[in-house]
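Reader: Could you walk me through this one? I would like to hear the reasoning behind each label.

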Amino acid sequence: MKNILAIETSCDDTSVAIVNSKAEVILCLTASQDLVHEPFGGIVPEIASRNHTKHLLPLVEKAMDTSGLSWKDISGIAVTNRPGLVGSLIVGLVTAKTLALAYEIPFIGVHHIEGHIMAPFLRDDEYKGPDFFKDPFLALVVSGGHTQLYEVNGFGHYQVLGQTMDDAAGEAFDKFAKMMGLGYPGGVQVDRLAKSGNIKAFSFPRPLLNEDHFNFSFSGLKSAAQRQLEKLPQDKDEPLVADLCASYQQAIVDVLCGKLVKASFDKGIKNVIVSGGVSANSSLRNHLQAEAEKNGWQLAIPPLRFCTDNAAMIALAGHFRLQQGDQSSQELAPQARAEL
Ligand code: KG4
Ligand code: ZN
């Protein structure tokens with residue numbers, strides 16, 4: 001295997017990457033649509049797919065030009081084909097199929113979550129991820145659409161230990177930010193504002209934290225925040241906003257860390273990875289590092305650029321898939337929902 005070119009268009013970011021067989025990211029170019037969707041307070045699927053059609057081919061051309069590689073140097077094309085917004089997925093999928101056909105390169109459809117699980121094992125000039133763990137590991141994937149905890153027993157072998165029963169962790173951040181009028185996407189704003197706040201200023205629930213399973217639930221936390229906000233003045237000064245953000249964020253961090261620690265104890269597994277957009281959260285990262293030191297974990301969290309949606313993680317998943325002999329046909333369809 002030489003280099004894998006990957007395309008990720010499952011949601012609102014258009015991303016193209018080239019990754020080599022040593023998991024080294026040669027380049028990863030991403031066109032964000034945050035500003036386009038911001039006025040709507042969330043992603044508008046029709047606008048997302050239209051923007052993918054505008055950005056994708058120029059990004060592929062730029063990737064090839066910048067890397068100095070020719071299509072002969074590309075041994076496989078990986079593309080996210082599930083799960084996601086069908087109108088968005090189809091833009092990436094049709095483009096990948098066309099490139100595969102035109103340049104006679106094998107292509108592979110990748111599950112978006114498998115991509116997130118691979119993200120910590122990427123490398124570039126500033127980040128040297130570990131080699132893919134040989135022993136079983138726990139993978140917590142926390143994003144705008146997913147909150148899933150897996151036990152991974154080698155590439156391609158995933159057992160769900162727990163998942164969200166309602167909102168995803170990223171959604172809990174985004175909906176709270178919307179209630180607070182902080183803009184979209186909200187996670188990064190809450191993270192920034194929480195830095196100067198007091199985590200004990202407000203007491204928010206930690207849903208399901210002490211239950212004897214690994215499922216998550218965030219809708220009760222969101223309702224508790226709504227009730228709290230109704231009691232407060234519409235115009236909030238900066239310290240009050242900071243306290244609300246810090247207290248709310250801490251509730252999410254406690255639940256995510258608590259469940260992971262419990263799973264590590266119950267399963268006797270000390271290799272842990274955390275990935276997905278919410279793993280960019282600075283407080284979550286700090287708490288996870290502290291747990292890693294306390295419990296002797298080998299912990300891998302990707303740098304911010306590989307936490308949120310990106311094509312490099314899809315390239316690495318595609319590389320492993322192609323290496324084990326998987327290949328997709330031109331009939332491959334996009335899927336809005338799909339289990340890993
Ligand atoms: O993985 P991702 O880019 O897209 C999905 O597959 O959903 O995750 C996006 C989510 C959004 O909900 C966003 O608010 C959240 O990740 N996010 C954060 C932070 N940065 C992004 N949440 C908390 N703190 C952050 N720093
Ligand atoms: Zn994602």
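**Reasoning through the model**

Author: Happily! The chain exposes about 14700 Å², and carbon and sulfur atoms supply 50% of that area. Please keep in mind that this is a predicted model.

Reader: What makes the chain as compact as a globular protein of its length?

Author: Let me begin with its make-up: the chain has 11 helices and 10 strands. Its radius of gyration is 20 Å, and the globule rule gives 20 Å for 340 residues, so the chain is as compact as a globular protein of that length. Along the principal axes, the C-alpha trace spans about 60 × 45 × 35 Å. Of the 340 residues, 55% count as buried. Among contacts with a separation of 6 or more, 73% come from residues 24 or more positions apart.

Reader: How do you know that the span of helix α9 agrees with its number of residues?

Author: Helix α9 covers residues 282–295, which is 14 residues. At 1.5 Å a residue these should span 20 Å, and the end C-alpha atoms are 20 Å apart, so the two values agree.

Reader: What is found at the two ends of α9?

Author: N281 caps the N-terminal end, with a side-chain oxygen 3.2 Å from the backbone nitrogen of S283. That distance is within the 3.5 Å allowed for a polar contact. After α9 comes G296, whose phi is positive, near 70°.

Reader: Why does S283 count as buried?

Author: S283, which lies in helix α9, has a relative accessibility of 11%. Buried means under 20%, so S283 qualifies. Leaving aside neighbours within four places in sequence, S283 is in contact with D191, Q249, Q250 and V253. The buried residues of α9 also include L284, R285 and L288. What covers the buried residues of this helix includes α6 (186–194), α8 (238–267) and β9 (271–275), and β10 (298–300) and α10 (304–307) are also included.

Reader: And K195: why is that residue called exposed?

Author: The relative accessibility of K195 is 60%. Exposed means over 50%, so K195 counts as exposed. K195 sits in the loop between α6 and α7 (219–230). From K195 to G220 there are 25 residues in sequence and 24 Å in space, C-alpha to C-alpha.

Reader: What makes the link between K195 and S282 a polar contact?

Author: Their side chains are joined at 3.3 Å, and the cut-off for such a pair of N or O atoms is within 3.5 Å.

Reader: Let us turn to the rings. How many aromatic pairs are there, and why is the pair of F121 and F137 called edge-to-face?

Author: A search of the whole structure finds 14 aromatic pairs. For F121 and F137, the centres are 5.7 Å apart and the planes meet at 65°. Centres within 6.5 Å make a pair and planes over 60 degrees apart make it edge-to-face, so this label fits. F121 lies in the loop between α4 (112–118) and β6 (137–142), and F137 in strand β6, so the pair ties together parts that are 16 residues apart in sequence. Both F121 and F137 are buried.

Reader: What makes F133 and F137 an edge-to-face pair?

Author: Their ring centres are 5.4 Å apart and their planes stand at 80°, so this pair is edge-to-face. F133 is buried, as is F137.

Reader: Which residues form the aromatic cluster?

Author: One cluster is formed by F121, F132, F133, F137, F155 and F320.

Technical notes: Residues numbered from 1 in each chain as written. Chains lettered and ligands numbered in written order. Heavy atoms only, no water. Helix = DSSP H or I, 4+ residues; strand = E, 2+ residues; numbered from the N terminus. Expected span 1.5 Å × (residues − 1). Buried < 20%, exposed > 50% of the residue type's maximum accessible area, 1.4 Å probe, protein only. Contact = heavy atoms within 4.5 Å. Polar contact = N/O pair within 3.5 Å; in protein donor to acceptor, adjacent residues only side chain to side chain. Rg over C-alpha atoms; globule rule 2.2 N^0.38 Å. Areas by Shrake-Rupley, 256 points an atom, 1.4 Å probe, with all protein chains shown as cover. Phe/Tyr/Trp six-rings, centres within 6.5 Å; stacked < 30°, edge-to-face > 60°.
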